[in-house]
Amino acid sequence: MNISEIYLLTAFVCSACDGDIAPEEVALVKKWSENNNQFGDIDVESKLNDYVRSINKNGSRFLRDYLQRLKSNEFSKEEQIEIIRIAIEMIEADGQILYSEVKFFKKLRPCLSLTDEEILEVMPDKEDFLLPDIKTTEFFFDDDIKFEEINFSNILKNE
């Protein structure tokens, strides 16, 4: 999997980790795709629809597989910073930051080798994402979680 696809997958999992994908999150992916060519020559809509089918079929296993993929790759510092930036911007995109999203970020974060200082150097106002979790219980994905069926083509056309 190339880095452009990792970026797109990061955007997707960070928008879906709370069980819902907000229109603002889809709009952000569309903006990155059109304005920044963030995802290279990937057919973004097709790939997102593949991800939706997979997460609808596999639920939280899809999220765990993503985290495992991050752990097993060696990304450059710049690529890791970009993964963190994408994750945070997706979590913030709909204007409400849910605990489940922050908790997922806290699972994503240790999969990369960046220090907090390296992250804060680039994103100085994001220290809240790096704070230790105040809850003491371990977080596990519920294998029974079902994600709502989503058709990105309908959402993209309505903008």
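This passage goes through the salt bridges of the model and then the packing of one helix, α4.

The model is a predicted one, so local features need pLDDT of at least 70 and side-chain atom pairs count only at pLDDT 80 or more, while totals for chains, interfaces and linings use all residues. Residues are numbered from 1 along each chain as its sequence is written, and side-chain values use heavy atoms, with hydrogens and water left out.

Eight salt bridges turn up in the structure, a salt bridge being a side-chain nitrogen of Lys or Arg within 4 Å of a carboxyl oxygen of Asp or Glu. One of them pairs Arg53 with Asp50, with 2.3 Å between the closest N and O atoms. Both residues sit in helix α3 (residues 44–58), three residues apart, which puts about one helical turn between them. Helices here are DSSP runs of H or I, at least four residues long, numbered from the N terminus. Arg53 is exposed at 52% relative accessibility, whereas Asp50 is partly exposed at 32%. For these labels, buried means under 20% relative accessible area, exposed means over 50%, and partly exposed is anything in between (1.4 Å probe, protein chains only).

Helix α5 (residues 77–92) has Glu82 and Arg85 three residues apart, about one turn of the helix. Their side chains form a salt bridge at 2.2 Å, N to O. Arg85 also meets Glu89 in a salt bridge, this time at 2.9 Å; Glu89 and Arg85 are four residues apart in α5, again about one helical turn. Put together, Glu82, Arg85 and Glu89 make up a network of salt bridges. As for accessibility, Glu82 is buried at 16% and Arg85 is buried at 18%, while Glu89 is partly exposed at 28%.

Next comes helix α4 (residues 60–72), whose 13 residues should span 18 Å at 1.5 Å a residue; the end C-alpha atoms are 19 Å apart, which agrees. The expected span is 1.5 Å times one less than the number of residues. The buried residues in α4 are Ser60, Phe62, Leu63, Tyr66, Leu67 and Leu70. They lie on the same side of α4, because they cover an arc of only 160° around the axis, the arc being that of the directions from the helix axis to the C-beta atoms. Lys71 and Ser72, on the other side of α4, are exposed. The cover over the buried residues of α4 includes α1 (3–16), α3, α5 and α6 (99–108), where contact means heavy atoms within 4.5 Å.

Note on methods: Helix = DSSP H or I, 4+ residues; strand = E, 2+ residues; numbered from the N terminus.
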